[in-house]
Amino acid sequence: MLIAVLERLLWSSRRPLSPGTRAGVGAAAILLLCLAILEWADGPEPHYIGLMATAPFLAAAFAPWRSVLVAGGLATALGTVFAVMGGARGQTTLLNVIGIALATGLASAAAAVRQKQAERIAELSHLAMIAQQAVLRPLGPTVGGLSIAGRYISATAAADIGGDLFEAVETAYGVRIIVGDVRGKGLEAVRLASIVLGSYRHVAYDRADLRAIVADLDRAVARSVGEEDFVTAVLVEERGGTLTVVNCGHPAPLLLRRGNVIPLEPPAPAPPLGFLPSVKARVERLEPGDRLLIFTDGLAEARRDGRFFPIAERAWRLLGHGTVGDGLASVETALVEWVHGRLDDDIALVLLEYTGPQPGGPMPSWEVGTAPSSARPASEGGGSPPRTPSPGLPPDRPDAGPIQSSGPRSTRTA
């Protein structure tokens with residue numbers, strides 16, 4: 001009854017009450033009802049009027065100040081009724097009624113401050129979500145001839161963004177993907193992640209060789225960080241069924257093929273971006289149905305009781321079935337269960353599936369096991385012709401020698 005009366009009093013905007021308002025008003029109403037029953041059963045002389053001052057404070061924990069004011073007004077009225085019915089004329093009873101009114105005012109002020117802070121937090125959360133969408137754009141469901149999905153798992157409940165990054169773009173040179181991890185946390189890591197992604201989204205369309213992209217990104221990182229900061233990254237290119245991978249100090253991607261899991265380790269180790277990486281490409285020929293998992297070290301280093309999450313052993317069972325989005329959801333569920341809900345680091349996951357060659361799509365100017373002259377140029381498939389790469393860079397040969405960043409970097413050592 002009391003809850004229904006309060007809802008009618010509060011429903012001034014023809015909108016349903018929020019869950020917080022319902023919780024606060026309901027709790028206050030139940031408390032007042034219990035005190036009224038207790039007071040009624042105790043006899044005509046009032047003894048529990050002062051306890052009614054707790055009702056507006058209880059409502060203030062959840063409800064906005066207007067709701068608290070209504071709950072406090074009802075408590076004051078109820079206390080006055082019991083005081084009059086009991087025929088009390090003493091100073092104590094009068095002070096109790098006045099105390100309920102004062103408590104209502106204080107509780108309403110506290111609720112107003114809490115509501116303002118909650119609105120501020122909601123605004124900041126909304127801005128953080130917009131920032132996340134600007135830095136990490138959603139992937140998929142398809143890019144070129146690939147089915148693809150991306151997932152960001154934050155280790156911080158209050159934030160959904162950090163220093164892990166991913167992006168996938170379709171270019172005249174094929175589908176190109178980057179997954180990286182910035183050293184450090186907080187806003188500085190977000191800033192560096194946005195710099196890397198911004199540079200990548202620009203040069204991925206212009207450079208014909210992945211190692212040239214690495215050189216550009218290395219210079220962008222070097223201009224933006226301190227001496228001990230860096231970014232691990234893996235860059236992947238799928239072109240006409242040929243997969244090229246270059247790795248800068250990052251965990252090796254996992255290739256899932258016919259029930260087997262193959263770590264795509266680089267031919268030679270290379271340091272992260274920011275430390276003059278000299279990378280060598282690994283080239284694989286894809287088969288329809290192949291899947292590739294690219295992840296940051298938060299997945300590889302997740303542990304419980306000193307045991308790391310066995311991603312390589314469980315990858316096929318978790319990722320080999322359903323859609324790529326279903327696979328990433330399965331990995332996240334298994335990971336959270338493994339660490340009992342406590343992650344130490346953010347995790348970026350990208351899962352892609354090669355669905356087969358696209359008819360009329362761009363083809364590489366090189367193929368595994370074939371001469372470069374036997375392939376047609378990428379522009380024959382209807383795509384825009386590739387730009388001419390910078391002097392000294394091989395046009396489309398990932399098996400050429402390593403490319404290093406140019407410019408003075410005497411203060412950094414690999």
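Begin the tour by selecting strand S10, residues 291–295: this strand is mostly covered, and five of its five residues are buried. The model on display is a predicted one.

**First stop: strand S10 and its neighbours**

Show the side chains of S10. Arg291, Leu293 and Phe295 point one way, Leu292 and Ile294 point the other way, and all are buried. In a regular strand, side chains alternate between the two faces of the sheet.

Next, add strand S7, residues 254–257, to the selection. S7 and S10 run antiparallel and are joined by three bridges. To see one place where the two strands meet, select leucine 254, which stands opposite leucine 293 in S10.

Now add S13, residues 347–354. S10 and S13 pair in the antiparallel sense over five bridges. Here isoleucine 294 is the residue to select, with valine 350 of S13 opposite.

**Second stop: the six-stranded sheet**

Widen the selection to the whole sheet. What is the order of its six strands? The order is S1-S2-S13-S10-S7-S8, in an open sheet with antiparallel pairing. Its edge strands are S1 and strand S8 (260–263), each of which pairs on one side only.

Two helices should be displayed together with this sheet. Helix H9, residues 311–319, packs on the sheet and touches S7, S8, S10 and S13. The direction of H9 makes about 45° with that of S7. Helix H10 lies across S2, S10 and S13, and runs at about 25° to S2.

Turn then to strand S2, residues 146–153. Eight bridges join S2 to S13, and the two strands run antiparallel. Select serine 147 to find one of these pairings: its bridge partner in S13 is glutamate 353.

**Third stop: a cis peptide bond**

Move to glycine 140 and proline 141. These residues are joined by a cis peptide bond, with omega at about 5°. Proline 141 is placed in the loop between helix H5 (91–135) and strand S1 (142–143). Most peptide bonds are trans, and most residues other than glycine have a negative phi.

**Fourth stop: two residues with positive phi**

Select aspartate 305 next. Its phi is positive, about 50°, although the residue is not a glycine. Aspartate 305 is found in the loop between strand S11 (303–304) and strand S12 (307–308). Is aspartate 305 buried or exposed? Aspartate 305 counts as exposed because its relative accessibility is 74%, and the cut-off for exposed is over 50%.

Then select histidine 340. This residue, also other than glycine, has a positive phi near 55°. Its place is the loop between helix H10 (324–338) and strand S13 (347–354). Histidine 340 has a relative accessibility of 52%, and therefore counts as exposed.

**Fifth stop: the five-stranded sheet**

Select the open sheet of five strands, whose order is S3-S4-S5-S6-S9 with antiparallel pairing. Strand S3 (164–171) and strand S9 (282–285) are the edge strands, each pairing on one side only. From one strand to the next, the twist averages 15°.

Within this sheet, focus on S3 and strand S4 (residues 174–182), which pair in the antiparallel sense over eight bridges. Aspartate 164 stands opposite aspartate 181 in S4.

Add helix H7, residues 210–222, to the view. H7 packs on the sheet, where it touches S4, strand S5 (231–239) and strand S6 (242–248). The direction of H7 makes about 155° with that of S5.

**Sixth stop: cysteines**

Select cysteine 248. Its relative accessible area is 0%, so the residue is buried. Cysteine 34 may be selected for contrast: it counts as partly exposed because its relative accessibility is 48%. How many disulfides are counted? The count comes to zero, where a disulfide requires a pair of cysteine sulfur atoms within 2.5 Å.

**Last stop: leucine 38**

Finish at leucine 38, which lies in helix H2 (residues 19–42). Leucine 38 is partly exposed, as its relative accessible area is 40%. Add tyrosine 48 to the selection. Leucine 38 and tyrosine 48 are ten residues apart in sequence, and in space they are 7.9 Å apart, C-alpha to C-alpha.

Terms used:
Residues numbered from 1 in each chain as written. Predicted model: local features only at pLDDT ≥ 70, side-chain atom pairs only at ≥ 80, totals over all residues. Heavy atoms only, no water. Helix = DSSP H or I, 4+ residues; strand = E, 2+ residues; numbered from the N terminus. Buried < 20%, exposed > 50% of the residue type's maximum accessible area, 1.4 Å probe, protein only. Pairing = 2+ DSSP bridges. Axes fitted to C-alpha atoms, helices over the stretch in contact; angles between N-to-C directions. Contact = heavy atoms within 4.5 Å.
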